[in-house]
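Some labels in structural biology rest on a value and a cut-off, and it helps to see how the two are brought together. The questions and answers below practise that step.

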Amino acid sequence: MSATVPTASRLVVGLDGHELLPREGAWLRAHRPAGVILFGRNVRDADQLRRLCADLRAALPDGAEIMADQEGGAVAVLAAAAGRPPSAWTLGSIYDPQLTRRVHRDTALRARDCGIDRLLAPCADVLLAPGNSVIGSRAFG
């Protein structure tokens, strides 16, 4: 017989604003989700983001992750705190794998410095249909 896993422990949830509200902290402590995803509405600058991540760390269970969609180009929710890396398309057009590694390493280090555990971004998307508005500059080629 296997143990039942609470549904919330599989969820990644979002927050309302720049700081952890008391009701949000209480919910995180009570329901113990797998993590929190941050959006642009949650990021004002690096110091604020560090405080928010510290507050989240105190409210989240061990092993839960704080994450953000930091693809580069137009999709960079951490831009105000950790900069805006170039888009995948720009890096793919330059076709310098070492530069691409340096850009992504620097992006990861900046995010980690702010308290982020995981960055979300497409890594294998290709732009096969030139007018594809979903993939666009999010693809390396």
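What follows is a set of questions and answers about this model, which is predicted.

Q: How many helices and strands does the protein have, and in what order do they run?
A: The protein has 5 helices and 5 strands, and from the N terminus on these elements run β-α-β-α-β-β-α-α-α-β.

Q: Why is Arg 32 called partly exposed?
A: The relative accessibility of Arg 32 is 47%, and since buried means under 20% and exposed means over 50%, this value falls in between, so Arg 32 counts as partly exposed. Its place is in the loop between α1 (22-31) and β2 (35-38).

Q: Why is Tyr 95 called exposed?
A: Tyr 95 has a relative accessibility of 69%, and because exposed means over 50%, Tyr 95 counts as exposed. This residue lies in the loop between α4 (88-94) and α5 (97-114).

Q: What is noted about the phi of Arg 32 and the phi of Tyr 95?
A: Phi of Arg 32 is near 50 degrees, which is a positive value in a residue other than glycine. Tyr 95, although it is not a glycine, has a positive phi of about 50 degrees. Along the chain, Arg 32 follows α1.

Q: Which residues of α1 are buried, and how do you know that they are on the same side of α1?
A: Glu 24, Gly 25 and Leu 28 are buried in α1. Because they cover an arc of only 100 degrees around the axis, they are placed on the same side of α1.

Q: Which residues of α1 are exposed on the other side, and what do the buried residues pack against?
A: Pro 22, Arg 23 and Ala 30 are exposed on the other side of α1, whereas the buried residues of this helix pack against β1 (12-13), β2 and α2 (46-59).

Q: What share of the residues of the protein counts as buried, and what share of the exposed area do carbon and sulfur atoms supply?
A: Of the 141 residues, 35% count as buried, a label that applies under 20% relative accessible area. The protein exposes about 8,400 Å², and carbon and sulfur atoms supply 55% of this area.

Q: What share of the contacts with a separation of 6 or more comes from residues 24 or more positions apart?
A: Such residues account for 60% of the contacts in the protein with a separation of 6 or more.

Methods. Residues numbered from 1 in each chain as written. Predicted model: local features only at pLDDT ≥ 70, side-chain atom pairs only at ≥ 80, totals over all residues. Heavy atoms only, no water. Helix = DSSP H or I, 4+ residues; strand = E, 2+ residues; numbered from the N terminus. Buried < 20%, exposed > 50% of the residue type's maximum accessible area, 1.4 Å probe, protein only. Arc of directions from axis to C-beta. Contact = heavy atoms within 4.5 Å. Areas by Shrake-Rupley, 256 points an atom, 1.4 Å probe, with all protein chains shown as cover.
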